[in-house]
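Student: Could we go through this protein chain together, starting with its surface?

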Amino acid sequence: MAAQTQRAVLAGGCFWGMQDLIRRQPGVTATRVGYTGGDVPNATYRNHGTHAEAIEILFDTEKTDFRTILELFFQIHDPSTKNRQGNDIGLSYRSAIYYVDDEQKRIAEDTIADVDASGLWPGKVVTEVEPVGPFWEAEPEHQDYLERYPDGYTCHFPRPGWRLPARTEG
């Protein structure tokens, strides 16, 4: 039986740190960083208008699922800060989930409700949930950046012991 590949597009601040942590997850088969969710065609690092720095993820659905990827996403960045991650401030660094179909939208909204109910972050989730649009691949020097520069800048960190519980209906 052939593996089933699914696509996810997420924005959570500087794309270097997100790519470095997400690519290591079981079932993730490919990642690339780029720009999406904005107004400039053929976006680049120097000219990306209102786009967010984002990561495109391809994953094997027999080894992982969208919910598992979102749980990591919500662990490694602070989804309660609007247009900011660490020292990075601005629209480019917003938190967003760009869903590819209605099922991803449903899972995203359900996961956000679980994050809000968990109290794991100091405030409510401000993560945008929008349909995926064009994804403009970033320049080669931004791809796999932290593999080439292991001590390079990042504002994304795994939080030991962080587990997202499913909320209970009450």
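Tutor: Gladly! The accessible surface, from the Shrake-Rupley method with a 1.4 Å probe and only the protein chains shown counting as cover for residues, comes to about 8600 Å² for the protein chain. The share of it that belongs to carbon and sulfur atoms is 50%. Please keep in mind that this is a predicted model, where local features need pLDDT of at least 70, side-chain atom pairs count only at pLDDT 80 or more, and totals for chains, interfaces and linings use all residues. Residues are numbered from 1 along each chain as its sequence is written, and side-chain values use heavy atoms, leaving out hydrogens and water.

Student: What percentage of the residues count as buried?

Tutor: Buried means under 20% relative accessible area, with a 1.4 Å probe and protein chains only. Of the 170 residues in the protein chain, the buried share is 48%.

Student: In which order do helices and strands follow along the sequence?

Tutor: Helices (H or I, at least four residues) and strands (E, at least two) are DSSP runs, numbered from the N terminus. The protein chain has four helices and eight strands. Their pattern reads β-α-β-β-α-β-β-β-α-β-β-α.

Student: Which residues does UniProt list for the domain?

Tutor: The record is an unreviewed entry, naming "domain: Peptide methionine sulphoxide reductase MsrA". UniProt positions are given in the numbering used here, feature names are shortened, and annotations may be inferred rather than shown by experiment. Over this stretch the chain is 27% helix and 26% strand, with end C-alpha atoms 21 Å apart. The entry lists residues 8–155.

Key: Buried means under 20% relative accessible area, exposed over 50%, partly exposed in between (1.4 Å probe, protein chains only).
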